[in-house]
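Got your viewer open? Let's take a walk through this protein, one selection at a time.

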Amino acid sequence: MQRIDGQLVLSPTDLTKHLACAHVTTLDLAALEDPAGRGARTADDALNLVFSKGMEHEHAYLERLSRAGLGVSEIPTRYDVAGRIEAERQTLAAMRSGTEVIYQATFYDGQWGGQADFLLRTDRPSDLGEWSYDIADTKLARRLKVPALLQMATYAERLATLQGVHPEFLTVVTGDGVERPWRLADVASYARRARGRLSEAVQPSSPARLPTEPVPVAHCSQCRWKSRCGDLWEAADDLSMVAGMRKGHRQILIEAGISTIADLAGAAAGDLPHGIGRPSRERLVQQARLQLAERATGTAAYELLSPEAGAGLLVLPPPSPGDVYLDFEGDPFANQGAGREYLAGLWDRDGTFTSWWAHSFEREQTLTEQLVDNLIGRLKVDPGMHVYHYAAYEQTALKRLTGRHGTRESELDTLLRGERFVDLYAVVRGGIRISKPSYSIKKLEDFYWGHTRTAGSEAEV
């Protein structure tokens with residue numbers, strides 16, 4: 001989002017952010033009046049890594065097209081009005097010349113602007129001649145996602161004006177290098193309505209430009225305003241900071257006059273709106289009360305839940321000498337976006353840590369085989385052993401690894417069918433209520449180490 005010579009210029013990225021969280025649009029608009037962007041976070045290492053990997057993937061596709069013998073025209077990117085107009089003129093000139101691939105094609109109609117990664121020539125007549133262009137964008141994800149299609153559909157509107165016909169396909173080149181086409185006709189209508197919503201929302205006198213508020217959504221993890229919104233939630237004692245609070249439940253409580261953690265902690269579960277189910281009402285009140293108590297005392301606290309067959313602590317098997325704790329560390333961007341589990345570790349009851357490293361695809365297969373063989377060996381020695389882990393990642397990773405490499409699938413099936421894996425996250429959520437805003441494993445450290453790790457602190461084993 002930019003204001004250039006008094007004109008607000010939107011981009012497809014602004015569109016996808018608005019659909020994820022309307023409050024981002026409010027903050028971005030305010031930032032145009034405050035160029036310093038107070039409260040916005042700078043890109044951290046994780047975001048920089050994503051950007052770097054994205055550029056690597058884009059350049060790899062460009063090289064692939066060049067190696068295929070296709071002619072490529074690259075359009076220099078400009079962000080001022082004159083520059084945008086000139087870059088679009090160069091894009092149109094390349095289209096009229098019939099260039100097979102146009103890299104960083106620029107579109108600008110005075111309100112919307114942006115750069116499509118690639119225009120690919122196709123044998124479909126248009127005002128250009130016996131050819132026209134479709135759009136392709138590179139994305140690290142390995143499957144199609146709606147935001148990518150919305151971005152390209154926005155470019156497609158301007159491309160249709162320039163070449164006289166709409167492109168037929170929008171192609172996402174996913175992180176594994178696969179070209180995944182999608183018909184523009186299947187997404188164009190929704191994209192037009194979405195653009196209309198954003199265009200209306202940014203108009204100063206529009207009824208759609210209503211006050212917005214920050215609410216936790218999936219986009220928060222990559223939003224530049226994450227810290228600002230987090231500070232606001234904390235200062236306001238917002239209900240969103242209650243562990244397990246759903247967006248819909250938060251709204252029901254606010255409409256009932258319960259807008260803070262303190263309000264919720266002081267309420268009786270039976271008096272809460274019945275639009276929230278009774279178990280959820282009781283859980284939320286108990287959770288709020290515990291979090292408020294830790295805030296007042298500075299001491300982490302927990303409460304055991306009433307025993308329930310097949311849940312919580314009652315799913316824990318009897319301790320056995322062969323029990324181990326399993327953990328993985330992985331890089332989701334390695335192996336052309338397929339990811340790699342570069343470290344697997346087992347901690348046993350004797351305090352011995354056994355690890356396997358993998359810095360290549362081949363070594364990952366070796367890691368998989370040696371890890372599963374180790375677990376099967378332990379099971380043979382101790383038929384009562386179990387493999388403990390926290391949350392579902394470890395089981396998911398093992399299934400993915402054995403399938404990816406076509407190895408040790410029957411051995412893993414033996415462990416799975418024997419119910420040898422014990423998810424401690426499910427145990428905690430089903431049997432204990434803790435005084436933390438989340439149930440991540442790092443939050444639990446307060447209960448067995450007396451503190452939680454922070455960035456830069458020494459890791460403890």
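What pLDDT does the protein chain average? The chain averages 90, and 95% of the residues score at least 70. Here pLDDT is the predictor's confidence in each residue, from 0 to 100. This is a predicted model, so local features need pLDDT of at least 70 and side-chain atom pairs count only at pLDDT 80 or more, while totals for chains, interfaces and linings use all residues. Residues are numbered from 1 along each chain as its sequence is written, and side-chain values use heavy atoms, with hydrogens and water left out.

**Stop 1: the tail**

Select residues 456–461. Over this stretch the pLDDT is below 50, and beyond near neighbours in sequence it has five contacts in the model. A contact means heavy atoms within 4.5 Å. Where pLDDT is low, the predicted coordinates should not be read in detail.

**Stop 2: the whole chain**

Zoom out and show the cartoon. You should find 15 helices and 15 strands. These are DSSP runs numbered from the N terminus: helices are H or I with at least four residues, strands are E with at least two. The C-alpha atoms fill a box of roughly 75 × 55 × 40 Å along the principal axes. Of the 461 residues, 42% are buried. Buried means under 20% relative accessible area, exposed means over 50%, and partly exposed is in between (1.4 Å probe, protein chains only).

**Stop 3: the largest nonpolar core**

Now select Met95, Ile102, Phe107, Leu119, Ile135 and Leu170. In the largest nonpolar core, which has 36 residues, these six touch the most other members. A nonpolar core is a set of buried Ala, Val, Leu, Ile, Met, Phe, Trp, Tyr and Cys residues joined through side-chain atoms within 4.5 Å. Which elements each supply at least two residues of this core? They are α4 (81–97), β4 (101–108), β5 (113–122), β6 (132–138), α5 (146–163), β7 (169–173) and α6 (188–201). Helix α5 gives the most, with nine residues.

Keep Leu170 highlighted and show what surrounds it. Leaving aside neighbours within four places in sequence, Leu170 is in contact with residues including Ile135, Leu149, Met152, Trp182 and Val187.

Apart from this core lies another one of 21 residues, among them Leu326, Phe328, Leu367 and Ala397.

**Stop 4: salt bridges**

Time to look at charges. How many salt bridges does a search of the whole structure find? It finds 27. A salt bridge is a side-chain nitrogen of Lys or Arg within 4 Å of a carboxyl oxygen of Asp or Glu.

Pick Glu341 and Arg400, whose closest N and O atoms are 2.8 Å apart. This pair links distant parts of the chain: Glu341 is in strand β11 (residues 340–348) and Arg400 is in helix α12, 59 residues apart. Glu341 is buried at 3% relative accessible area, whereas Arg400 is partly exposed at 29%.

Next, select Glu364 and Arg404, where the salt bridge spans 2.9 Å, N to O. Glu364 lies in helix α11 and Arg404 in helix α12, so the pair ties together parts that are 40 residues apart in sequence. Glu364 is buried, at 0% relative accessibility, while Arg404 is partly exposed, at 24%.

For a bigger group, select Arg124, Asp134, Glu168 and Arg183, which are linked in a network of salt bridges.

**Stop 5: Thr368**

Go to helix α11 (residues 361–381) and click on Thr368. Is Thr368 buried or exposed? Thr368 is buried, with a relative accessible area of 0%. Beyond neighbours within four places in sequence, Thr368 is in contact with Leu401, Thr402, His405 and Thr407.

**Stop 6: two unusual loop residues**

Most residues other than glycine have a negative phi. Select Ala391, in the loop between β13 (387–389) and α12 (393–405). Its phi is near 75 degrees, a positive value. Ala391 is partly exposed, at 26% relative accessibility.

Then jump to Glu419, in the loop between α13 (409–417) and β14 (421–423). Glu419 also has a positive phi, of about 55 degrees, and it counts as exposed at 62% relative accessibility.

**Last stop: across the molecule**

Finally, draw a distance line from Gly164 to Ala358. The two are 194 residues apart in sequence and 52 Å apart in space, C-alpha to C-alpha. Gly164 lies in the loop between α5 and β7 and is partly exposed, at 39% relative accessible area.
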